[in-house]
Amino acid sequence: MKLLVTGGCGFIGSNFIRLMLAKHPDWSIVNLDLLTYAGNRLNLADLEENESRYTFVQGDIRDRELVLDLLDSSVDAVVNFAAESHVDRSINDPSPFVDTNVGGAQNMMECARQRRIGRFVHVSTDEVYGTLGRDGKFTERTPLAPNSPYSASKAGADLMARAYFETYGFPVVVTRCSNNYGPYQFPEKLIPLMFLNACADKPLPVYGNGMNVRDWIYVDDHCTGVELALTKGLEGDVYNFGGDAEKTNLEVVKTVLAQLGKPESLISFVKDRPGHDLRYAMDFSHARRELGFAPSLDFTHGMQRTIQWYQDNPEWLKKVQSGEYRTFMTSWYEER
Ligand code: NAD
Ligand code: DAU
């Protein structure tokens with residue numbers, strides 16, 4: 001199978017490409033990535049050097065001509081990971097989120113439709129459902145009720161996918177996953193940011209009272225879910241994935257500190273994120289039943305593996321902290 005993967009230089013996309021090429025000797029992958037601040041070609045530099053089944057193309061999912069060119073008759077399927085992915089940045093400036101996450105996703109679907117591509121997996125998120133109270137879980141039938149510009153833009157693309165299926169019979173499958181963690185996650189997100197700050201004995205900024213709950217899944221388990229949606233998913237269907245590991249943010253931060261042997265006195269409660277969703281939890285029984293999906297790594301072991309990876313890769317961490325990264329971090333956290 002030949003795949004066009006978008007956003008493959010980001011966190012989940014790079015783990016997905018690595019895992020799929022290792023698992024499937026007969027697959028080849030073209031990775032289309034714009035290399036925004038969050039994309040890093042180094043994530044897959046070893047594959048670029050040694051793997052003939054991997055090709056990198058720098059470019060924009062909004063570029064109609066380029067995407068049509070890449071989708072030649074040899075491409076069997078598309079997996080669309082590319083997105084602006086950070087909620088806090090979407091609060092600062094929603095425009096790039098609408099442009100890439102709605103416009104870019106629609107351009108990818110339109111090009112794939114014109115080229116009659118047989119399978120299109122659109123990677124979405126649990127955040128499109130909005131927030132839960134203390135009880136219950138999101139199912140695929142939970143109404144979409146996004147609360148941040150990021151999640152609204154992802155919901156926009158999900159609705160476009162639905163419309164493409166209903167209107168054109170476009171062979172799209174949508175996946176919605178909970179919070180990922182693991183190697184190569186950009187250090188603006190909770191776990192790698194807390195790792196960096198703890199290592200430097202700097203305060204760990206916890207929004208509000210730290211009681212917001214996320215359902216954490218190790219990145220390889222999400223990648224396996226996407227693989228299952230690609231190979232077994234029903235056209236027009238939506239699949240929830242989760243890790244069955246609900247944790248408050250405070251629990252997550254304390255886990256990072258404990259693994260590093262750092263004191264909890266580093267925790268600093270700061271001004272809350274506006275529109276901060278209280279709780280996410282995924283009912284993934286549909287994916288379990290139809291695709292055979294189940295998370296394989298529990299939170300304790302996943303966190304050990306993740307923290308170890310960051311400890312083993314200080315050069316990677318140093319390289320991704322560009323000038324742009326430092327400017328955003330300074331202005332966002334100064335206000336809190
Ligand atoms: P990321 O920010 O680490 O990576 C995004 C990648 O997309 C980067 O490599 C970036 O360069 C690329 N990109 C951005 N705009 C582009 C454009 N216009 N054209 C081409 N490439 C572009 O994100 P991630 O955490 O790896 O998330 C990947 C996908 O998974 C996103 O669609 C996100 O919404 C979804 N998702 C993420 C999580 C999570 O916990 N991180 C959970 C569920 C779903
Ligand atoms: O749920 C899936 C989503 O998970 C993905 O769709 C998004 O792309 C991904 O970024 C992630 O969104 P979150 O907003 O949940 O992730 P983040 O790591 O930014 O925050 C996790 C929780 O930690 C959230 O409740 C906010 C809190 N937080 C985050 C940061 C960066 C803090 O308390 N302090 C922080 O400094």
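Modeller: Before we start: two strands count as paired if DSSP finds at least two bridges between them. This is a predicted model, by the way. Let's take strand 1 (residues 2-6) and strand 4 (residues 77-80) as a warm-up.

Colleague: Fine. Do strand 1 and strand 4 pair in the parallel or the antiparallel sense, and over how many bridges?

Modeller: In general, strands of a sheet pair through backbone hydrogen bonds, either parallel or antiparallel. Strand 1 and strand 4 go the parallel way, over four bridges. If you want one to look at, find L4: its bridge partner in strand 4 is V78.

Colleague: Which helices pack on that sheet?

Modeller: Helix 1 (residues 11-23) is one of them, touching strands 1, 2 (28-33), 3 and 4, with its direction at about 170° to that of strand 2. Helix 5 (residues 95-114) also packs there, touching strand 1, strand 4 and strand 5 (119-125), and its direction makes about 165° with that of strand 5.

Colleague: What is the strand order of the seven-stranded sheet?

Modeller: Read across the open sheet and you get 3-2-1-4-5-6-10, with parallel pairing. Strand 3 (54-58) and strand 10 (238-241) are the edges, each pairing on one side only. From one strand to the next, the twist averages 20°.

Colleague: And what order does the three-stranded sheet have?

Modeller: That open sheet runs 7-9-11, and its pairing is mixed. Its edges are strand 7 (179-181) and strand 11 (246-248), which each pair on one side only. Here the twist averages 50° from one strand to the next.

Colleague: Where can I see antiparallel pairing there?

Modeller: Look at strand 9 (residues 213-218) and strand 11, which pair in the antiparallel sense over three bridges. R214 stands opposite K247 of strand 11.

Colleague: Which helices go with these strands?

Modeller: Helix 8 (residues 219-232) lies across strand 7 and strand 9, at about 75° to strand 9. Helix 9 (residues 249-260) packs on the sheet too, touching strand 9 and strand 11, and its direction makes about 85° with that of strand 11.

Colleague: How do helix 9 and helix 11 cross?

Modeller: Start with the angle: 65 to 115 degrees would count as roughly perpendicular. The axes of helix 9 and helix 11 (residues 299-312) come within 11 Å and cross at roughly 55°, so the two helices are oblique to each other. The crossing is right-handed. V252, T255, V256, Q259 and L260 of helix 9 meet F299, T300, M303, Q304, I307 and Q311 of helix 11. By class, that contact has six nonpolar, five polar and no charged residues.

Note on methods:
Residues numbered from 1 in each chain as written. Chains lettered and ligands numbered in written order. Predicted model: local features only at pLDDT ≥ 70, side-chain atom pairs only at ≥ 80, totals over all residues. Heavy atoms only, no water. Axes fitted to C-alpha atoms, helices over the stretch in contact; angles between N-to-C directions. Contact = heavy atoms within 4.5 Å. Parallel < 35°, antiparallel > 145°, perpendicular 65-115°, else oblique. Left-handed = near helix turned anticlockwise from the far one by under 90°. Nonpolar A, V, L, I, M, F, W, Y, C, P; charged D, E, K, R; others polar.
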